[in-house]
Structure formats: structure tokens, C-alpha cells
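Visitor: I would like a close look at one part of this model, the second largest pocket and what surrounds it. Please go through the lining, and then the neighbouring parts.

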Amino acid sequence: MCEWIEETDSEGNYLKTKKYEGKLYVSLIPGNIKDHLERLENMEIRDDDTFIMSYPKSGTHWVFTITSMLRTGKSSYIGSPHFLDYNDVDILDKLPSPRLFASHMTFDRLPRQAREGKGKVFVVSRNPKDVAVSLYLFLTKLKKADFSGSWEGFVKFYTEGKMLYGSWFQTLFDWEKTKATNKEDNVMYLIYEDMKQDLLSYVTKMASFLGVTYDKPFLEEVTDRCTFKTMVKTIIDEIKPQDQDFIHKVSDEKKLPIYRKGEVGDWKNHFTVAQNEAFDRIYDGKMRDSKCKFRFE
Ligand code: A3P
């Protein structure tokens, strides 16, 4: 059974999600969730399909843009990915190859054939403090958002794991479990902070994981086109009319409010000392057994 969860705290902070089989999902997921997930489970996958999986605000669109250039051999900007989460499977089925999908769900919700090794899967993770800031500011720019309220209210819901797609920690642990148990070699794990540090080497590794071969100048061109600065400019210059329509529907901004600062450590401008100390205590406790070490600056 899918359940609507709506919560308003004493300060008026409001959160709306859908819960199914113990996990939280964004309210956009169609209907009772169950039917959509069942159709996704049985979706026909092609060898050149790519899935970009992440907790929200971890760099999904960044990885999508790099992947689209590597899959097509063209360094042009092609808009936003099709999310498995809320697009009808009939639409996803009809997309031309190479198809690039994104999702904020975890491995268990990928189509069965992808879990069995067909297509390629990128998983991108980012430190939870920058994710929090990015997600909060993104939600404030949407005309209709599942959360509304103050930064303080957001931090409280977020640290309690009550957020769109649930807890950042749980999502990371789910992927760590997949990494330890999944025997297929079609999943590559990326860390946002590492990509920021040396994008060319990541672009090169991603190409080799996808099984595509390019000369160094093309890989350098992709790297250059996918730096934050160039992407923001390109997106404004090359935006397609259908994307512009979509942006107007969701936000009053000129560009999709996805591209904000693209930095490591912006959380320092938003977390108070007390919020930071409280979050560090939770982080240290929860991450004790994790193999992932995130950089926060
Ligand atoms: P900020 O809000 O911190 O700027 P997602 O695509 O998963 O929604 O993630 C959005 C975050 O990724 C935003 O973070 C956005 O600016 C950042 N991002 C997008 N493109 C990027 C790029 N080329 N380099 C670095 N960060 C990028």
C-alpha cells in the first residue's frame, strides 16, 4: 500500500511525501507507486542504456551531461534526463537510443534486466551537508514543492531522514550494500567532490566504463564543456524551447534551478555552528561502519 505522508511542525514547516514498502518517495511518482514500480521492473533494457542514480542534488545532471556527450560523441548540451521515477514506462520505451535515464531510487528499483547486468549504471554521491543546502535552496525556487519552510525546519526533517527519497544515510548504505553484493560489472561509483578535483580523469574513466573510445582532444573538450562555469553559460545559450516551457512550469527562474554554485563546502555559508556540530555527531555515529569518506571542503 502506498501512503501519503504530510507533516507540519509547530513552526509551520511542511513536508509531503509518498511512502511505499517502508521508503519515502517524491510526490510526483504516479498513482499508487506499486503499479509504476512493477512496470519499471519489467521494462525492456537495451545494451546502450545508461542509468544515472543518485540521492537528489548529488550531481545527477552533471553526470548526465558528461554521459550524453560520451554516448553520442557530440559535445552539445541535450537538456535534462528522463527520470525513471515519474515518467510513464510507455514514454521511456519509445525513446531513441542511446537512452539516458536518471533516478533517485536505489538498486532494488532498477529494471530487472539492468540489475542483471544489461546497460550501464552510474551512481553518484556527494557529501550530505552540501546536498542539504543544494536541496533546500532548490526547493525554495520551485513553484510547487514537497517541502516548504525555513532552513532550520529543513535541517530538522533532513537529519531525521524525513525528506524526499528519505534519508541521505540510508540511500548511501543501500548503495554500499549493492557495491558489496552485486556481482555484475555494469555499475560505476562516482563521488562529486572527486570529480570536482580532477574532471578529466573521471571523464576518461567514465568513457572506458561505457566502452567508448575517443582521442584525448575530445575527452578534453567534454571536460571543458562540463565544468560548472561552461555548463551554466551553455545551458542558457543553447536552451531548447521545450526545456524553456518546462522551466516556466516549475520555476520563475531563467534557467533550471539545478545549476546554482557547483562548489564543495558551500554548506559553511548556511549551517550554523550548532547545526553543524549536531550534524557532525549524527554523521560520525551513522558513518562509523561506512567505507565512504566524503570531503566537506
Ligand atoms: P549546488 O546547488 O550546490 O550548486 P542534481 O543534478 O543532482 O540535482 O545536483 C545539482 C547540484 O549539482 C547543484 O549543486 C549544481 O550546481 C551541481 N552541478 C551541476 N552541474 C555541475 C557541474 N558541471 N560542476 C559541478 N557541480 C555541478
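Guide: In this predicted model, three elements each supply at least two residues of the lining of the second largest pocket: β7 (120-125), α7 (168-181) and β9 (187-191). Of these, α7 gives the most, with six residues. The space in the second largest pocket is about 350 Å³. Its lining is made up of 16 residues, and the closest to the centre are Trp 175, Glu 176, Lys 179, Lys 291 and Cys 292. Sorted by class, the lining has nine nonpolar, five charged and two polar residues.

The two strands named above belong to an open sheet. That sheet has five strands in the order β5-β6-β4-β7-β9, and the pairing is parallel. Its edge strands, β5 (82-83) and β9, each pair on one side only. Between β7 and β9, which run parallel, there are five bridges. Ser 125 stands opposite Ile 191 in β9.

Ser 125 also leads to the enclosed space in the model. Across the whole structure, a search finds two cavities of 30 Å³ or more. The largest cavity holds about 80 Å³ of space. Among the residues lining the largest cavity are Val 124, Ser 125, Arg 126, Trp 168, Thr 171, Leu 172 and Trp 175. The elements giving two or more residues to this lining are β7 and α7, and α7 gives the most, with four. By class, the lining of the largest cavity has five nonpolar, four polar and one charged residues. Trp 175 thus appears in the lining of the largest cavity and among the residues closest to the centre of the second largest pocket.

The second largest cavity has a volume of about 30 Å³. Its lining consists of Thr 65, Met 69, Ser 75, Tyr 77, Arg 225, Met 231, Thr 234 and Ile 235. Here α2 and α11 are the elements that give two or more residues, with α11 giving the most, three. Four of the lining residues are nonpolar, three polar and one charged.

In helix α11 (residues 228-237), the buried residues are Met 231, Val 232, Thr 234 and Ile 235. They lie on the same side of α11 because they cover an arc of only 170° around the axis. The cover over these buried residues includes α2 (60-72) and α10 (216-225). On the face of α11 turned away from the buried side are the exposed residues Lys 229, Lys 233 and Asp 237.

Notes
Residues are numbered from 1 along each chain as its sequence is written. This is a predicted model: local features need pLDDT of at least 70, side-chain atom pairs count only at pLDDT 80 or more; totals for chains, interfaces and linings use all residues. Side-chain values use heavy atoms; hydrogens and water are left out. On a 1 Å grid over the protein atoms alone, a cavity is a set of points where a 1.4 Å probe fits but cannot get out, and a pocket is an open set with protein on both sides within 12 Å along at least five of seven lines; lining residues have an atom within 4 Å of a point. Grid points are joined across faces, edges and corners, and a volume is the space filled by probe spheres set on the points. Ala, Val, Leu, Ile, Met, Phe, Trp, Tyr, Cys and Pro count as nonpolar, Asp, Glu, Lys and Arg as charged, and the others, Gly among them, as polar. Buried means under 20% relative accessible area, exposed over 50%, partly exposed in between (1.4 Å probe, protein chains only). The arc is that of the directions from the helix axis to the C-beta atoms. Contact means heavy atoms within 4.5 Å. Two strands pair if DSSP finds at least two bridges between them.
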